Amino acid sequence: MNDLGIVGLGLVLLTCFVSYQGLNDPAYFARHAFEVGPIRYRRQYQRLLSSGFLHVSWWHLGFNMLTLWCFGGALEALVGMQNFLTLYFTSLIGGNLFSLWLHRHEARYSAVGASGAVSGLIFASIALFPGIEVGMLGIYLPGWLYGLLFVLLSAYGITVRRDSIGHDAHLGGALVGLTTMLVIQPELLRTNYLTVLAIVVPAVGFLYLLLRRPAGRLRGNLFNVEPGYQTLDDRDRAKKQREEAYLNELLDKINQQGLEGLSRREKKTLDDWSR
């Protein structure tokens, strides 16, 4: 464990203060949390940043700040205060942008926490220190193996959606942190390329599946291709599910912006369905 630098210590104090405010004031919490509806329809883009300083519990806060303490000191000392800030905030915002993209049709989706930012610091450290071991409670893994398992477990969590953990923000923040570290010190692509490949290859494969099979995430299985044969009932059921999801998105948009917030096409679609 390394002592935090000035920037790292400042981030810990600020996060603790904002989290304290949020834990004691529900209105403050709701006003600054990551929530798809206000970000997309009210353009409250500041939530992409402010949500990273809120936490749902003291345990949540403590775990993230402990991780920041463990990895922040060495990083700040080696890359400097400015680059450390860049790593932290690009990871935080990058993780939230990835989450926003994944949940863009779920206006009520909400999340908070510095997990995307600290995941970025972990992956930046893995790129920077080839021999690093990562873990806790006496169980430590080589950096490349930890990164690989992190990507695979995050991809699984994003796909099956069986818990309340923000796997998308974690994975997005981690990959942005790794990429930012490589931009800051591009020579790491030569000195630590095996570790980078162990992380990037499965991550790119997962992102490809997300783009090619968006419905797979809703079904909880990206590898289950659409069946070659479908009954009429199957097709009707799938069509109704798509229409219901789109209708819910339109209703959420109306709730956020009013009818005037709908485009001409959206108004026509809503009018056709109301007949």
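**Helix packing and aromatic pairs**

Helix 7 crosses helix 9 in a right-handed sense. The model is predicted. Helix 7 spans residues 115-128, and helix 9 covers residues 167-184. The two helices pack at an angle of about 40°, and their axes lie 7 Å apart. Angles from 35 to 65 degrees fall outside the parallel and perpendicular classes, and helix 7 and helix 9 are therefore oblique to each other.

On the helix 7 side, the contact is made by Ser115, Gly116, Ser119, Gly120, Phe123, Ala124, Ala127 and Leu128. Their partners in helix 9 are Ala169, His170, Gly173, Ala174, Gly177, Leu178 and Met181. By class, this contact of helix 7 with helix 9 holds eight nonpolar and seven polar residues. No charged residue takes part. Glycine counts as polar in this scheme. Gly116 and Gly120 of helix 7 are among the contact residues, as are Gly173 and Gly177 of helix 9.

His167 belongs to helix 9. Its relative accessible area is 14%, so His167 is buried, the limit being under 20%. Beyond its sequence neighbours up to four places away, His167 touches Leu153, Ser154, Gly157 and Ile158. Gly116 stands 51 residues from His167 in sequence. In space, the C-alpha atoms of His167 and Gly116 are 9.0 Å apart. Gly116 is also one of the helix 7 residues that meet helix 9.

Aromatic rings were examined next. The count comes to seven aromatic pairs. One of them joins Tyr88 and Phe89 in an edge-to-face arrangement. Their ring centres are 5.5 Å apart, with 80° between the planes. Tyr88 has 0% relative accessibility and therefore counts as buried. Phe89, at 25%, counts as partly exposed. Ring pairs also link Tyr88 and Phe89 with Phe53 into a cluster.

Phe98 and Trp101 form a stacked pair. Here the centres lie 6.1 Å apart and the planes differ by 25°. Both residues sit in helix 6, which runs over residues 81-102. They are three residues apart, about one turn of the helix. Phe98 is buried because its relative accessible area is 14%. Trp101 reaches 31% and is therefore partly exposed. The Phe98 and Trp101 pair thus joins a buried ring residue to a partly exposed one.

Conventions
Residues are numbered from 1 along each chain as its sequence is written. This is a predicted model: local features need pLDDT of at least 70, side-chain atom pairs count only at pLDDT 80 or more; totals for chains, interfaces and linings use all residues. Side-chain values use heavy atoms; hydrogens and water are left out. Helices (H or I, at least four residues) and strands (E, at least two) are DSSP runs, numbered from the N terminus. Buried means under 20% relative accessible area, exposed over 50%, partly exposed in between (1.4 Å probe, protein chains only). Contact means heavy atoms within 4.5 Å. Rings of Phe, Tyr and Trp (its six-membered ring) pair if their centres lie within 6.5 Å; planes under 30 degrees apart count as stacked, over 60 as edge-to-face and the rest as tilted. Axes are lines fitted to C-alpha atoms, for helices over the stretch in contact, and angles run from 0 to 180 degrees between N-to-C directions. Angles under 35 degrees count as roughly parallel, over 145 as roughly antiparallel, 65 to 115 as roughly perpendicular and the rest as oblique. A crossing is left-handed if the near helix is turned anticlockwise from the far one by less than a right angle, and right-handed if clockwise.
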